[in-house]
Structure formats: structure tokens, C-alpha cells
Amino acid sequence: MNSAPAKGRVDGRIRRRVEHVMGMPISLALRGRHASSVAGDEAWQAVINELRQVDAIFSVYRSDSIINRLDRGELTIAECPAEVAEVIQLGQEAERVSDGAFSIRLPTPNARRRLDPSGVVKGWAAQRASRFLAALDDTDFCLSTGGDIVCHTADPSRAAWRIGIEHPRDPNTLIAAVPIRSGGIATSGTVHRGAHLVDPRTGREPSGVASVTVIAASLTWADIDATAAYVQGDDAARWLQTRPIRSALVVWADGTTTRLPKDPL
């Protein structure tokens, strides 16, 4: 994923924090009443603590994680924390609405389908953990998990958060910058992690598309829909037109772009 806060004038009331959790940078910008308060610090720590708990449950890189134990048949869903059933249900719904372009059961070289809900977990976890920040009165926040972002603006008289979308061929430049007051923005592509996305129906890498950015009411579904659209390659824009999103930007392999409607980018 490669959405990132756009560069610009820094408001003196903004307080920034960063930690490394779930194998990626987690960053926060706060402004308003609790930007520098003890309550703001406590809310940030609650976010980090929850993301660490999520990592212990869902990390596919930790052999002792709950999700790997479930995949190996050592646990049943009923024996797992309730969050596991919630994430699996989201994954099943995503697979249904994407006609299989999104799946939490991924092909492996030995033809076995491995349980890997990572495509759900990042956006879901950030959206879920952001409730601690949303509880801060008169406080705006911009929470980024590896570049996928949840925004909230408590006071409509304040400026919207301005989010930059990296160019998929040059992450040092922006292809667009968008104002967001409240909602989620996620980008799916290969500029940072290489060719890590495959079509679960075929096991092959998608073609024809360089990146897909989606803005939606929730980061959970912005992240899922960006991934599902990217996997659909040439059909990315057509499929996104069927989704309840606010807007989207598809960057094709040849560098051309398609902007999708509703709230224009």
C-alpha cells in the first residue's frame, strides 16, 4: 500500500507519533484539544496495544499465532478469540462480492489453500483501533498503518486532512492529493512490497494495472476493495463502479489513469 500524508504547511497544533507494529510503521497525527494531552497519549497507547494484540492473533509470520494454529488444525474457530470469526466472515463476504478476486485462502505451490486473512486484517485493525482516538472530544486524527489511513475531523470548520497518493512508478512523487475529513483511504500496488499480490482464482499476478486507490467510509472496506480491484487487472475500474465507495483512482500499467466518481478525487 502506498498512500501517504501529503507534504505541506505544518499546523502548530498537530502532534505526531510513530511506532513500528505488525511489521510496518504506524503513525498518528492529532490536532485539536487532545493533540498534546495525557488523554491523547493514552489513546495512542491503546491503539498500539490493540495492534500488538491483533498481530499476536493474525500474524502469518509467527508460528505461534492463533491464525497459523487455526490453519494447522490445532484450533477450531470456536476456540479462537471472537475477532477471528469476525475477520473470516469479512473475508468470505469480500470473496463473494468480488467473485473470488479477493480471498483469505491463498494458493500455495503444493496446491494447498493456506488461510491468510492479511488482506482484511490491516484495514480492519486500524479502523477498529481508531475508536480510541474517535473518543477524544474536539480532536481530529489521521492514523496511518503502513500507508493506509483512517481520517477523522471533529470540527467541520477545520481544514480536511490532505492525503497524498504516491505515483506507482516513482514513490517520491505524488500522482494526486485528496482532502478527507472522515473516512478511510487505501492503495493497493507493488511499489513498496514488490509483486506480492496474486489472483487467488488462478495463482497468477494481475496485469494491466499499476495501482488502485479507494476512498470509502471505512478503511476496512477501502482496503479490501482496493486489493480486489487491483487483482482484477483490466476490470478494476469496471468492478469498482459496482461498489459503495466514495471515489477511486486507478493507475494503469501504461501510466494513464481512471478516476471514479461520487466524491471526485
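## Helix 4 against helix 6

In this predicted model, helix 4 (residues 118-129) packs with helix 6 at an angle of about 160°, their axes lying 7 Å apart. Angles over 145 degrees count as roughly antiparallel, so helix 4 is roughly antiparallel to helix 6. The crossing of the two is right-handed.

If you would like to find the contact on screen, look on helix 4 for Gly-119, Val-120, Lys-122, Gly-123, Trp-124, Ala-126 and Gln-127. They meet Leu-219, Thr-220, Asp-223 and Ile-224 in helix 6. Sorted by class, the contact of helix 4 with helix 6 has five nonpolar, four polar and two charged residues.

## Helix 3 against helix 6

Helix 6 (residues 219-231) also meets helix 3, with axes that come within 11 Å and cross at roughly 45°. Helix 3 and helix 6 are therefore oblique to each other, and their crossing is right-handed.

On the helix 3 side, the contact is made by Leu-90, Glu-93, Ala-94 and Val-97. Helix 6 contributes Thr-220, Trp-221 and Ile-224. The contact of helix 3 with helix 6 divides into five nonpolar residues, one polar and one charged. Two names are worth a second look here: Thr-220 and Ile-224 take part in the contact with helix 3, and they also appear in the contact with helix 4.

## The eight-stranded sheet

Now for the sheet. Eight strands form an open sheet with antiparallel pairing, in the order 2-3-6-7-10-11-12-13. Which strands stand at the edges? They are strand 2 and strand 13 (257-260), each with a single partner strand, so one side of each has no neighbour in the sheet. From one strand to the next, the twist averages 10°.

Within this sheet, strand 11 (residues 209-216) and strand 12 (residues 247-252) are an antiparallel pair joined over six bridges. A handy landmark is Ser-211, which stands opposite Val-251 in strand 12. Helix 1 (residues 38-58) packs on the sheet, where it touches strand 2, strand 3 and strand 6 (139-145). The direction of helix 1 makes about 20° with that of strand 2.

## Strands 8 and 9

How many bridges link strand 8 and strand 9? Seven bridges hold the pair, which runs in the antiparallel sense. A hairpin of two residues joins strand 8 to strand 9. To follow the register, start from Trp-161, whose bridge partner in strand 9 is Ile-180.

Is strand 8 largely enclosed or open? Five of the seven residues in strand 8 (residues 161-167) are buried, so this strand is largely enclosed by the rest of the structure.

## Two loop residues with positive phi

Two loop positions deserve a stop on your tour. Met-22 is not a glycine, yet its phi is positive, at about 60°. Met-22 sits in the loop between strand 2 (15-21) and strand 3 (24-32). Strand 2 is also one of the strands at the edges of the open sheet, and strand 3 follows strand 2 in the sheet order.

Asp-99 is another residue other than glycine with a positive phi, in this case near 55°. Asp-99 is found in the loop between helix 3 (82-97) and strand 4 (105-107). Is Asp-99 buried or exposed? Residues over 50% relative accessible area count as exposed, so Asp-99, at 60% relative accessibility, is exposed.

Methods:
Residues are numbered from 1 along each chain as its sequence is written. This is a predicted model: local features need pLDDT of at least 70, side-chain atom pairs count only at pLDDT 80 or more; totals for chains, interfaces and linings use all residues. Side-chain values use heavy atoms; hydrogens and water are left out. Helices (H or I, at least four residues) and strands (E, at least two) are DSSP runs, numbered from the N terminus. Buried means under 20% relative accessible area, exposed over 50%, partly exposed in between (1.4 Å probe, protein chains only). Axes are lines fitted to C-alpha atoms, for helices over the stretch in contact, and angles run from 0 to 180 degrees between N-to-C directions. Angles under 35 degrees count as roughly parallel, over 145 as roughly antiparallel, 65 to 115 as roughly perpendicular and the rest as oblique. A crossing is left-handed if the near helix is turned anticlockwise from the far one by less than a right angle, and right-handed if clockwise. Contact means heavy atoms within 4.5 Å. Ala, Val, Leu, Ile, Met, Phe, Trp, Tyr, Cys and Pro count as nonpolar, Asp, Glu, Lys and Arg as charged, and the others, Gly among them, as polar. Two strands pair if DSSP finds at least two bridges between them.
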